[in-house]
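Open the model in your viewer and keep the sequence panel beside it. The stops below say what to select and what is found there.

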Amino acid sequence: MINHSISPIRFQEKDSDEASKKIVAVLYEGKKYASLNPKFLGCTENALGIREWLQSKGHEYVVTADKEGPNCELERHIPDMHVLISTPFHPAYMSEERIKKAKNLKLLLTAGVGSDHIDLKAAAAAGITVAEITASNVVSVAEDELMRILVLLRNFLPGYRQICNGEWDVAAQCYRAYDLEGKTVGTVGCGRIGRELLKRLKAFNCNLLYHDRFSMGEKFEKETGAKWEENLQEMLPKCDVIVINVPLTEKTKCMMNKELLRKLKKGAVIVNNARGAIMDRDAVVEALESGHLAGYGGDVWYPQPAPKDHPWRSMAYHAMTPHVSGTTIDGQVRYSAGVKVVLDKFFRGESFPEEYYIVKEGKLASQYL
């Protein structure tokens with residue numbers, strides 16, 4: 001692993017009222033691609049674009065991709081770091097054990113959306129603030145979900161592989177390719193990403209359903225044509241396409257198990273860009289092998305990075321990638337800017353935008369309760 005540690009440079013004439021802090025960022029490595037786009041901010045080499053700014057304020061900034069095992073780079077910095085920045089794409093798992101070691105830790109910050117890599121109850125008990133850059137990659141993920149729906153319904157990937165392999169067999173692709181128009185699409189969860197997806201799907205003349213704890217209201221339903229389904233088990237059999245848009249919590253972990261998958265219409269497809277652990281891993285494989293599911297696509301796995309022998313890598317009719325949907329270049333620009341805003345407020349002792357908080361003053365945000 002490459003360690004991009006930055007030695008502290010302190011300029012006492014600037015912001016001398018702020019005590020120096022140690023900020024650690026765990027990001028994925030950009031490798032040979034890091035220098036190819038100046039906006040590729042989410043990698044270790046480009047460090048969210050805040051390296052010089054933090055140095056100018058006299059703070060120590062350590063950036064690394066090495067996050068696993070007792071001898072990793074992250075582990076060495078846990079006892080004295082004040083802030084840990086991580087992303088959903090290369091998450092630094094902060095267990096209760098690690099949190100107990102972090103005696104100086106005040107802020108756990110997710111550059112992106114989703115803080116399930118953190119033991120939130122342990123963070124709350126320790127008085128640590130947990131925040132994320134809410135809405136920074138909502139559009140990125142919603143667009144990706146729409147893309148995967150089309151890839152699965154049109155049976156795109158077998159045709160692509162044919163061309164790469166020098167083949168040409170129209171029938172092999174088209175015998176299971178369908179239009180999106182007229183299909184029933186249901187989102188499990190209708191937060192920011194779910195709502196953006198439904199807005200985009202309206203143009204495809206689909207029948208749109210959503211399951212959430214509450215109705216999104218008459219105005220939203222009129223704008224999108226979507227209908228609230230209070231009972232998930234009643235919604236699933238109606239859908240040709242299911243999209244998972246709930247956060248990973250104790251309640252949603254392995255929620256989509258064998259029992260719920262059996263309730264799906266035979267030949268349905270699932271798109272999951274939320275979290276891999278929401279699904280029963282082996283039940284998904286079994287449903288695809290049996291033909292009950294026609295396809296499964298997404299970019300989230302458990303754990304991440306996914307091991308080489310993860311069964312989703314080789315299962316039939318999948319459209320899986322590494323966790324990339326929320327880390328487009330545009331998404332990186334947004335969440336990097338948000339990280340700077342949060343850190344600046346943290347240094348000044350000011351509150352963040354309320355929607356950024358996941359744990360505040362020992363209390364968890366409602367979606368994690």
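Begin at E350, which at 40% relative accessibility is partly exposed; that class lies between buried (under 20% relative accessible area) and exposed (over 50%), computed with a 1.4 Å probe on protein chains only. This is a predicted model, in which local features need pLDDT of at least 70 and side-chain atom pairs count only at pLDDT 80 or more, while totals for chains, interfaces and linings use all residues. Residues are numbered from 1 along each chain as its sequence is written, and side-chain values use heavy atoms, with hydrogens and water left out.

**Salt bridges**

Add K345 to the selection. The side chains of E350 and K345 form a salt bridge, 3.8 Å from N to O; the term requires a side-chain nitrogen of Lys or Arg within 4 Å of a carboxyl oxygen of Asp or Glu. K345 is partly exposed, with a relative accessible area of 24%. Next, select E75, E97, R98 and K101, which are joined into one network by salt bridges that share partners.

Then select K360 and E354. Their closest N and O atoms are 3.2 Å apart, in another salt bridge. K360 is partly exposed at 25% relative accessibility.

Stay in this part of the sequence and pick E361, in the loop between β14 (357–360) and β15 (363–364). Helices (H or I, at least four residues) and strands (E, at least two) are DSSP runs, numbered from the N terminus. E361 counts as exposed because its relative accessibility is 72%. Draw a distance from its C-alpha atom to that of R98: the two are 20 Å apart, with their positions 263 residues apart along the chain.

Now go to K121 and E250, a salt bridge whose closest N and O atoms are 3.3 Å apart. K121 lies in helix α4 (residues 120–125) and E250 in the loop between β10 and α11 (258–263), so the pair ties together parts 129 residues apart in sequence. Both ends are exposed: K121 has a relative accessible area of 54%, and E250 has 66%. In total, the structure holds 19 salt bridges.

**The open sheet**

Select residues 147–325, where UniProt, in an unreviewed entry, places the feature "domain: D-isomer specific 2-hydroxyacid dehydrogenase NAD-binding". UniProt positions are given in the numbering used here, feature names are shortened, and annotations may be inferred rather than shown by experiment. Over residues 147–325 the chain is 32% helix and 17% strand, and the end C-alpha atoms are 10 Å apart.

Show the strands as a cartoon. Seven of them form an open sheet in the order β9-β8-β7-β10-β11-β12-β13, with parallel pairing; two strands pair if DSSP finds at least two bridges between them. The edge strands, β9 (227–228) and β13 (318–320), each pair on one side only. At the β9 edge, two bridges join β8 to β9, and L209 has K227 as its bridge partner in β9.

Move to β10 and show its side chains. V241 and V243 point one way and I242 and I244 the other, and all are buried. Four bridges join β7 to β10, and the partner of T187 in β10 is V243. Four bridges also join β10 to β11, where V243 is partnered by V271. The chain crosses from β10 through α11 to β11 in a right-handed β-α-β crossover: with the strands pointing away from the viewer, the path from the first strand over the helix to the second runs clockwise.

**Two helices and a buried arginine**

Select helix α8 (residues 192–201). Its buried residues include I193, G194, E196, L197, L198 and L201. Among the elements covering them are α5 (138–153), β7 (184–188), β8 (207–211), α9 (218–224) and β10 (241–244).

Next take α12, where A283, V284, V285, A287 and L288 are buried. Their cover includes α11 and β12 (293–298). G291 follows α12 and has a positive phi, near 90°.

Finish at R275, in the loop between β11 (268–272) and α12 (281–290). Is R275 buried or exposed? R275 is buried, with a relative accessible area of 12%. Its side chain reaches the backbone oxygen of V113 at 3.1 Å. Leaving aside neighbours within four places in sequence, R275 is in contact (heavy atoms within 4.5 Å) with P88, V113, G114, D116, L248, V300 and H323.

Note on methods: Polar contact = N/O pair within 3.5 Å; in protein donor to acceptor, adjacent residues only side chain to side chain.
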